[in-house]
Amino acid sequence: MSGFSISLQQPVQQASQGGPVRVETSNFVVRSLTAADVTPEFARWFDDPLMLQGLNLSALHFSVEGLRAFIASFNNLDNYFIGVLDKHSQSLQGFYNFSVNRVHRVATLTMGMAPHTQVARQILWEVSEPLFDEMFSRTDIEKISARVLASNRRVLFALANNEHFVPEALLRQECLGVDGKRLDVLAIACFKDLALRPPKRPLERPASAVPAGQGGNA
């Protein structure tokens, strides 16, 4: 599963630093990444055609050193680069990138999963709500917004019938693709106010959460 179509721009280095984020779920550890987490494999994610298609970016050609500098520039106050790690193998499964506007108490989100992962839908269902609640608590934001290319079926499948995001608008020909063609974008949001979130579905679980061999791939 590739990520949301918000460009990954390097933030301006801030003098102040916030505390790192850390959330644990049944299967994953979700925490602020550091430069030490960068491996050659992780750097190659940003040249993978599947991820780049979802992010609507050309290949970034990160070196290990360049990606370490990029991640080190996030200050855990105005901007966060948060990794999703498998609790047992400690392998990196994906990331959430938040940019916080503290004046308006909103955040924009970019999300990416390891290219060709089989568990993207499971991660989205298991990790998003506890992570978002942590972000609402620590930053005093009230809304998290993201934009998904309408052509990004892998993300849209992972989002289907979810309990976190509310579709807000379909923006026709909102942005230019890397090939110069105009693309439609789905604007979605998660709210701190529980009354604005989709209703809970306690008996409905994503297909990838069932035992191996019985579910579909995200």
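Student: What makes the meeting of the E129 and R197 side chains a salt bridge?

Tutor: In this predicted model, the side chains of E129 and R197 meet at 3.0 Å, N to O. A salt bridge requires a side-chain nitrogen of Lys or Arg within 4 Å of a carboxyl oxygen of Asp or Glu. The value of 3.0 Å for E129 and R197 lies within that 4 Å limit, so the pair is called a salt bridge.

Student: Why is this pair said to link distant parts of the chain?

Tutor: E129 belongs to helix α4, whereas R197 lies in the segment after β8, and 68 residues separate them.

Student: How do you know whether E129 and R197 are buried or exposed?

Tutor: The term buried applies under 20% relative accessible area. E129 has 17% and is therefore buried. R197 has 10%, so R197 also counts as buried.

Student: What makes R105 and E142 a salt bridge, and where in the chain do they lie?

Tutor: The closest N and O atoms of R105 and E142 are 3.4 Å apart, and the limit is 4 Å, so the pair qualifies. R105 is in the loop between β4 and β5, E142 is in the loop between α4 and β6, and they are 37 residues apart.

Student: Why is R105 called partly exposed?

Tutor: Its relative accessibility is 34%. Partly exposed covers the range between 20% and 50%, so the term applies to R105. E142, at 40%, falls in that range and therefore counts as partly exposed as well.

Student: Which residue forms a salt bridge with R31, and how do you know whether R31 is buried or exposed?

Tutor: The side chain of R31 meets that of D37 at 2.8 Å, N to O. With a relative accessible area of 19%, R31 is under the 20% limit and is therefore buried.

Student: How many salt bridges are found in the whole structure, and which residues are joined into one network?

Tutor: The search of the whole structure finds eleven salt bridges. R22, E24 and K87 are joined into one network by salt bridges that share partners.

Student: What makes β1 and β7 edge strands?

Tutor: Eight strands form an open sheet in the order β1-β2-β3-β4-β5-β6-β8-β7, with mixed pairing. β1 (22-24) and β7 (166-176) each pair on one side only, and they are the edge strands. The twist from one strand to the next averages 25°.

Student: How do you know that β2 and β3 pair?

Tutor: Strand pairing requires at least two bridges. β2 (residues 28-32) and β3 (residues 79-86) have five bridges, in the antiparallel sense, so they meet the requirement of at least two. F28, for instance, has D86 in β3 as its bridge partner.

Student: What joins β8 to β6 and to β7?

Tutor: Seven bridges join β6 to β8, and these strands run antiparallel; one of the bridge pairs is A146 with I188 in β8. Seven bridges also join β7 to β8, again antiparallel, and V166 stands opposite A189 in β8. β7 and β8 form a hairpin with five residues between them, and G180 in the turn has a positive phi of about 90°.

Student: Why is β8 called mostly covered?

Tutor: Seven of the ten residues of β8 are buried. Each of those seven is under 20% relative accessible area, which is why the term buried is used.

Student: Which strands does helix α4 touch as it packs on the sheet?

Tutor: Helix α4 (residues 120-139) touches β1, β2, β3, β4 (92-101), β5 (106-113), β6 (143-149) and β8 (182-191). The direction of α4 makes about 30° with that of β4.

Student: What makes a group of residues a nonpolar core, and which members of the largest one touch the most others?

Tutor: Members of such a core are buried nonpolar residues joined through side-chain atoms within 4.5 Å. The largest nonpolar core has 33 residues, of which I82, Y96, F98, L131 and F132 touch the most other members. Helix α4 gives the most to this core, with eight residues. Apart from it lies another core of 20 residues, including V38, F46, M51 and L85.

Definitions and conventions
Residues are numbered from 1 along each chain as its sequence is written. This is a predicted model: local features need pLDDT of at least 70, side-chain atom pairs count only at pLDDT 80 or more; totals for chains, interfaces and linings use all residues. Side-chain values use heavy atoms; hydrogens and water are left out. Helices (H or I, at least four residues) and strands (E, at least two) are DSSP runs, numbered from the N terminus. Axes are lines fitted to C-alpha atoms, for helices over the stretch in contact, and angles run from 0 to 180 degrees between N-to-C directions. Contact means heavy atoms within 4.5 Å. Buried means under 20% relative accessible area, exposed over 50%, partly exposed in between (1.4 Å probe, protein chains only).
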